[in-house]
Amino acid sequence: MFDDRSPIYVQIANGIKDDVLSGTLKEDEQIMSTNQYAAFYQINPATAAKGFAQLVDEGVLYKKRGIGMFVSPDARARLRSQRRDRFFVDVVEPMLAEARMVGVDVEEIVAHIQGGPR
Amino acid sequence: MISLRDLTVSYGDTIAVDGLTLDLAPGKIYGLLGRNGSGKTSLLSVLAAYRKASGGTVAIGGVDPFENAALMRDTVFIRDSLDVSEQDRICRVLELAGRLRPCWDAGYADRLVDVFELHRRKRVSALSRGQRSSLGVILGLAARAPLTILDEAYLGMDAAARKAFYRELLADYLAHPRTIILSTHLIEEVADLLEQVIVIDHGRLVVHEDTDTFRARGVAVTGPAGAVEAFVAGRTVLSQQSLGGVREATLYGALDDADAARARAAGLTLAPVGVQDLFIHLTSGADDGTRRTEALR
């Protein structure tokens with residue numbers, strides 16, 4: 001799903017984060033159980049549980065004992081702010097590095113983004 | 001808990017398992033990985049009490065399984081030979097298993113016969129290699145034994161049958177958690193199902209850890225030869241190859257974020273090494289004839 005160097009449980013956690021960010025998973029909505037995840041992705045349930053545990057640690061999910069896992073009320077806002085912080089480092093910097101390498105200057109990029117002549 | 005202490009299994013002068021110490025917590029799916037002749041089947045045979053250890057101790061829940069009838073009812077060991085009467089029809093084999101196995105689920109066994117497209121009236125002797133394996137999987141899963149050991153249970157199965165096997169194994173484990181030990185050569189196919197991997201080589205334990213942890217240990221570093229050389233200095237290199245001025249080195253040992261950033265800054269590309277490749281690197285001979293695993297001890 002993502003950077004294939006990352007362990008499967010990280011990929012599961014990232015997938016859930018993306019669903020929260022995009023609004024596919026709503027706040028206070030229950031997510032599938034570790035067993036459902038395991039059966040769907042054909043993975044060991046401990047792997048899915050590890051991904052969930054990471055999201056609980058990060059405050060994206062919360063646990064209701066005996067019922068299951070739910071999306072935290074502030075999860076989306078929290079994730080948005082985290083991703084905004086990383087946006088320039090993770091998305092813009094690599095693009096600029098590539099642009100420098102192939103000789104595209106910043107003006108050209110800005111013009112492209114603003115829909116001007118290419 | 002399964003505890004092996006300094007376990008040794010020898011056949012005359014041949015040492016199949018060589019002073020192996022291992023603890024397995026209950027309720028997990030384990031993958032036992034090893035090359036042909038590495039001692040997998042000998043190790044599993046002792047666990048299942050099919051043979052006695054030559055030295056060291058085996059304890060399942062604190063008890064030696066050898067000649068222990070109660071423990072044996074709770075242990076199923078499916079191996080190449082199937083251990084059923086060749087003249088019996090499949091329906092008879094399943095009926096017998098039902099009488100011997102306290103947790104046998106006849107309805108589930110019946111459903112699996114359909115999943116694997118076997119004919120109940122067929123005799124064991126008339127089954128193809130893949131069909132024999134399917135019967136073994138049915139005997140192994142429907143027994144619902146607290147300790148389920150499947151020794152290369154997929155032999156001769158085609159891709160569709162193997163997929164059915166993995167799907168049924170996981171589904172039944174989710175519904176009825178128990179300790180499952182799978183020995184396999186088809187590592188990549190099952191890696192995601194395994195909570196932990198156990199790698200043995202020459203009868204000795206090489207690795208026992210979470211599959212995720214194991215997977216993270218292998219990394220392939222590619223880039224200009226000089227930069228690769230500088231980066232890998234002081235690390236465990238499992239293999240290297242060159243293409244013109246480009247070199248690829250396979251490293252053993254997880255890289256932290258700082259290492260990864262340093263590698264990228266030096267113009268190097270990092271890629272994962274699959275569990276299977278990592279296993280091959282760990283258990284194949286090095287150019288100087290020694291096993292790479294020796295460098296890791």
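Two residues count as in contact here when their C-beta atoms, placed from the backbone, lie within 7 Å. That is the yardstick for every contact in the views below, which come from a predicted model.

**View 1. Where chain A meets chain B.** This contact draws on 14 residues from chain A and 15 residues from chain B. On the chain A side, three helices each put in at least two residues: α1 (8-22), α2 (34-41) and α3 (45-57). Sorted by class, that side of chain A holds eight nonpolar, four polar and two charged residues.

**View 2. Helix α2 of chain A and what sits on it.** Zoom in on α2(A) and you find T34(A), Y37(A) and A38(A) as its buried residues. They share one side of α2(A), because the arc they cover around the axis is only 100°. The general rule behind this pattern is that an α-helix has 3.6 residues a turn, so residues three or four places apart point the same way. And what lies over these buried residues? The cover includes α1 and α3 of chain A, and α6 (159-175) of chain B joins them. Just after α2(A) comes Q42(A), with a positive phi near 55°.

**View 3. Helix α4 of chain A, end to end.** This helix runs over residues 75-102 of chain A, 28 residues in total, and spans 39 Å from its first C-alpha to its last. That is close to the 40 Å expected at 1.5 Å a residue. Still, α4(A) has a bend of about 55°, placed at R86(A). There is hardly any cover on α4(A) either: of its 28 residues, the count of buried ones is one. Right after α4(A) sits G103(A), where phi is positive, near 80°.

**View 4. E98 of chain A, out on its helix.** E98(A) is part of helix α4 of chain A. Buried or exposed? E98(A) counts as exposed, since it has 10 C-beta neighbours inside 10 Å and the cut-off for exposed is 12 or fewer. For a sense of distance, take Q30(A): it is 68 residues from E98(A) along the chain, and their C-alpha atoms are 41 Å apart.

**View 5. The two domains of chain A.** The domain assignment splits chain A into domain 1 (8-74) and domain 2 (76-113). Their centres, taken over C-alpha atoms, are separated by 29 Å. Where they touch, domain 1 of chain A brings seven residues and domain 2 of chain A brings six. The domain 1 side of that contact divides into three nonpolar, one polar and three charged residues.

**View 6. Chain B as a whole.** Before the close-ups of chain B, here is the setting. Its secondary structure comes to 12 helices and 13 strands. The C-alpha trace of chain B spans about 65 × 40 × 30 Å along its principal axes. Of the 297 residues in chain B, 40% are buried. Among contacts in chain B with a separation of 6 or more, 68% link residues 24 or more positions apart.

**View 7. Between the two domains of chain B.** Here the domain assignment gives domain 1 (2-202) and domain 2 (214-296). The C-alpha centres of these two domains of chain B lie 34 Å apart. Eight residues of domain 1 of chain B are in contact with nine residues of domain 2 of chain B. On the domain 1 side, α7 (187-190) and β8 (196-201) of chain B each supply at least two residues. Which of the elements gives the most to that side? It's β8(B), with three residues. By class, the domain 1 side has five nonpolar and three charged residues, with no polar ones.

**View 8. Two loop residues of chain B with positive phi.** L82(B) isn't a glycine, yet its phi is positive, about 65°. You'll find L82(B) in the loop between β5 (75-78) and α3 (90-100) of chain B. With 16 other C-beta atoms within 10 Å, L82(B) is partly exposed. E117(B), also a residue other than glycine, has a positive phi near 55°. Its loop runs between α4 (106-115) and α5 (129-142) of chain B. E117(B) has 11 other C-beta atoms within 10 Å and is therefore exposed.

Terms used: Residues are numbered from 1 along each chain as its sequence is written. Chains are lettered from A and ligands numbered from 1 in the order in which they are written. This is a predicted model: local features need pLDDT of at least 70, side-chain atom pairs count only at pLDDT 80 or more; totals for chains, interfaces and linings use all residues. Helices (H or I, at least four residues) and strands (E, at least two) are DSSP runs, numbered from the N terminus. Ala, Val, Leu, Ile, Met, Phe, Trp, Tyr, Cys and Pro count as nonpolar, Asp, Glu, Lys and Arg as charged, and the others, Gly among them, as polar. Domain bounds come from an automatic or database domain assignment. The expected span of a helix is 1.5 Å times one less than its number of residues. The bend at a residue is the angle between axes fitted to the seven residues ending there and the seven starting there. A residue is buried if 20 or more other C-beta atoms lie within 10 Å of its own, exposed if 12 or fewer, and partly exposed in between; C-beta atoms are placed from the backbone. The arc is that of the directions from the helix axis to the C-beta atoms.
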